[in-house]
Amino acid sequence: MSGLPGFLIDDRLHFPSCPSQGGQRFLVEMAAPLTLLLVLAVTIRAALFRSSLAELIAERVEVVSPITAWKRVVEGLALLDLGVSPYSGDVFHETPLIIYLFHFVVDYAEITFMLDIKTTLTFTDLSLMLFQFRKQKFALEADRYPLDCLELIRSPKEMYYIPLKVAMFYLLNPFTILSCVAKSTCGLNNAVVALFIFSTIKGNTLLSAIFLCLATYQSIYPLTLCAPAMLYLMQRQYIPVNFRRASFWWFIAQYLFMYLGSLFVLICLSFFLLGSWDYMPSVYGFILSVPDLTPNIGLFWYFFAEMFEHFRLFFLCVFQINVFFYTIPLSVKLKEHPVFLIFMQLAVISIFKSYPTVGDIALYMAFLPVWSHLYRFLRNTFLVSCVLLACSTLFPVLWHLWIYAGSANSNFYYAITLLFNVAQILLVSDYFYAFLRREHHLTYGLYLKRKDGSEATLVLK
Amino acid sequence: MGLLSDPNRRRALINLLTRLNAPICGMPVEWLVKTMQARGLEVYTQRFSRTLPFPDENKERYMVKGTNVYGILRAPRAPRTEALVLSAPCTPGDNNNQAVGLLLGLAQYFRNQIYWAKDIIFLVNDHDLIGMQAWLEGYHHTNTTGMDWSPLQGRGGSIQAALSLELSSDVVTSMDLVLEGLNGQLPNLDLANLFYAFCQKIGVLCTIQGKLQRNDWDSVSGYSHAVQTMMLMVMKQASGRPWGDHGLFLRYHIEAATIKGINSFRQYKTDATTIGRLLEGMYRKLNNLLERLHQSYFFYLMPSLSHFVSIGYYMPAFGLLAVILLLRALDLWVQLATPPPTTEDGIADIEQSSPGVLSVLTPLVISHLTGAALYMLPIRFQEMAVEHFPVSETEAVVLTAIAVYTAGLALPHNTHRLLSGEGTEQGWRVLKLVALLYLAVLLGCTALINFSLGFILALTLVPAAAFVTPHVPKVLSAFVLVILSPACTLLFSVFFFQELQEMPVSFLDGWLLYLSVISQGILDHFLYGSLVYPLIALLVYPCWLLFWNILFWK
């Protein structure tokens, strides 16, 4: 009976203890497909870099935003070379560290943007570790699960291919390829977030705080990832999540100290790099107050284009709070499952941030294979995939009709934006439902019976 | 009062027209420059040259060189921020000899008026559409088609509207309005209504698609006449060619139309002076515009000049066709998601693995490679084809395209040798699901940009896509699928178009016309950026090949 995850002893499940050599064995056996995948990805990106499509893609509003556009980075570098502050003129909105990074590597920009590869390797490693950690967790909690949940728990054989699938989902995702070819700095942001998740899962508190701080420094929204990081690290160190325990507060104080300390260091470093506080309003003020209303795939631009001035501040606050608002309820509900919480937070940030691009979407979509065991509980796969596919192709068509042919107007483009975001929200909430349902089944059994033995169905209220 | 009430001016115009009656070899650039300057316009010329990807039948050479001549009439008391364009293509022979004369006569008349608020540019372009493309690119500082032109020395502000004249005889019985532009783009309906209303006021007969309006809407023959007119417009829009010089203006957001004078031997004839008055009136109306024409519809079909079908009426018809595809896809999804029936010992066959991405990916990749071959090979290999076969370059290109298209039909038998495993029942379902969604999205996007093309493709491809499975009778379905393929649709459209224009052709003539349509389509893509050829070669044909693959799935 291959496919059974463990042995049945005394009506309880026992898992064989998994040696840590599983990881190395995986890398050895998966090396060939992974290398093939990497070669294919690099070829596609290199071919597109050399073709005439590269300039076309670099100008698409769906792929680059005022924060991440390469054109603006070049502009900022030019201003820096002239000795003028790069933030004068409201063109450049990147942080000073990015300017100095590109100051040194601007000639090798294309290779730097192949950073996608590094991100993918990070994802692969972390999903590998996730699956090992999960095996250990199941081994510990195996006796809590009722018998008929055997089919819900994944066998190591099924979980074997997940890191490869994660790598494929990220590398060969058209959104990632477009983002890389456009040389959008979103790739760098994604790499930092990937490193943060990796160090969190590895259990390294200091590195986790530092990478989170870097990610927050780049764009403010990863601040909400603090909560899942803390929850995961506490779970790993067996600190119970209980408000009355001193160890809980002590750990939070430690983590926040490291986080805020590194943030303080980074901000002071940026001040010393450029010698002024110019970058604060240009970067953080720009992200929070949304002055640039160029159309993109987000929800902000249309609203704020038609809003009256005296309501602007109110709606700005409402929209920005919307990004941060879901942290607390989700953390409370998912405190036992911080990794899923990270996924949900990443999705919420990508959908509701002020200047989203397709690179942000690619980041959370890369994690979907990790939860492939939820597939049987998902209800809207067909609808969501059709709508996402149709909207992705309709974006350039309606842009052309609006801007070039003049036959459509902004309402058409915003309609597609709305539809796209609704489809994403449906995807995320579908996964959430599937996750909660699986947890319910793990606690109460897969085939539910009422008290008199007849079959019951589960209804979501 | 009005143009040419002065007998002197009328005589001058008639003199001019008679002089131009003689056939012109090439364009008389110096004469035009001198004449325009004599009328008080600021005259400039623009040279251009273009290497054609292959010589077409008209030009018979690779390199096309020419000179555009244009004169700007500056508005006497207005800031020079807006302009109107009156153009007449100058072709050798007597295709358009009257138009240039009328243009010059109008220039002289307009020069003496004080009510112009916009600059008027009188453009005489060489080599029809190629010259017009060069002028427009020079005016707007873009270079999208790789043409070589000298920069324009004089400009007139942003162009608000343009009219293009085509007059081949000095006796005209009706004026035909041509609206269809590049990629099926149409000018604002307001422009067409403006022209029609003014024609009625002056008393000039106005036609569309060369057909006169009928008043008996209730009778069957009246209704079918209207349907024929509308089908002509659909065919012309679907071809994606600009059907007049105005077609290239539309891409720059300039409302433009072409006015053709037709001499069809009716009893009531109009002469050049009436046409001049008509154009003067049109330009005075356009002069009064405060903003660009944008209030009326951009998407419409016209069964006659006084009736139109708006997008709200015709898009649901297309939507219903697309829904067929989506319902079929949903049905396949449900079939794929239900687990297979359990075997005797109660354990379902878990080992029937999902076909995996690879078995679906192979037909996709091979179909798209064939499509890419159809797009690139005809042009690339024309020299080799000319060396080995006794054909001209144009024929080589067209015949290579047809050869690649037919070679694609042999593919399913080869890809199945390539695939290591044989396809499963699941395999073709997954492929069909992907192909249906791909076709639905493709047709949707096409219909948004060029509705007629999208609708005609939908009419032929949706039934084929819906019914094809490996289990239908192979020979009959293969025949039906080939009949419904894009190439045969084009062939039938050519014959249908000729029927609608009441000039039916024999089979051989129709076949030659079909070949010239293919070569013209390829040429249009390279010269003006028409999207029909790349769409069909790179997207529609691979999609059709996927269905062909499904039919022969083993």
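Mentor: Two strands pair if DSSP finds at least two bridges between them. Strands themselves are DSSP runs of E, at least two residues long, and helices are runs of H or I, at least four, all numbered from the N terminus. Keep in mind that the model is predicted: local features need pLDDT of at least 70, side-chain atom pairs count only at pLDDT 80 or more, and totals for chains, interfaces and linings use all residues. Residues are numbered from 1 along each chain as its sequence is written.

Trainee: What makes β1(B) and β5(B) a pair?

Mentor: 2 bridges join β1(B) to strand β5 (residues 148-149) of chain B, and the rule asks for at least two, so they pair. The two run antiparallel, and B:Ser49 stands opposite B:Asp148 in β5(B).

Trainee: How do you know that β1(B) pairs with β2(B)?

Mentor: Here 10 bridges join strand β1 (residues 42-51) to strand β2 (residues 63-73) of chain B, again antiparallel. B:Glu42, for instance, has B:Ile72 as its bridge partner in β2(B).

Trainee: And what joins β10(B) to β11(B)?

Mentor: A hairpin, through 2 residues. Strands β10 (residues 300-304) and β11 (residues 307-310) of chain B pair in the antiparallel sense over 3 bridges, and B:Ser304 is matched with B:His307 in β11(B).

Trainee: Why is residues 311-336 of chain B called a "transmembrane region"?

Mentor: That name comes from an unreviewed UniProt entry, which lists 311-336 and 475-497 among others in chain B; such annotations may be inferred rather than shown by experiment. In the model, 311-336 is 100% helix and 0% strand, with its end C-alpha atoms 37 Å apart. For 475-497 the span is 91% helix, with ends 30 Å apart.

Trainee: How many residues does the contact between chain B and chain A take?

Mentor: Contact means heavy atoms within 4.5 Å, and it takes 15 residues from chain B and 15 residues from chain A. The elements giving two or more residues on the chain B side are α8 (311-337) and α13 (425-449), and α13(B) gives the most, with 6 residues.

Trainee: What is the count of salt bridges between chain B and chain A?

Mentor: It's 0. A salt bridge needs a side-chain nitrogen of Lys or Arg within 4 Å of a carboxyl oxygen of Asp or Glu, so no pair between these chains meets that rule.

Conventions. Chains are lettered from A and ligands numbered from 1 in the order in which they are written. Side-chain values use heavy atoms; hydrogens and water are left out.
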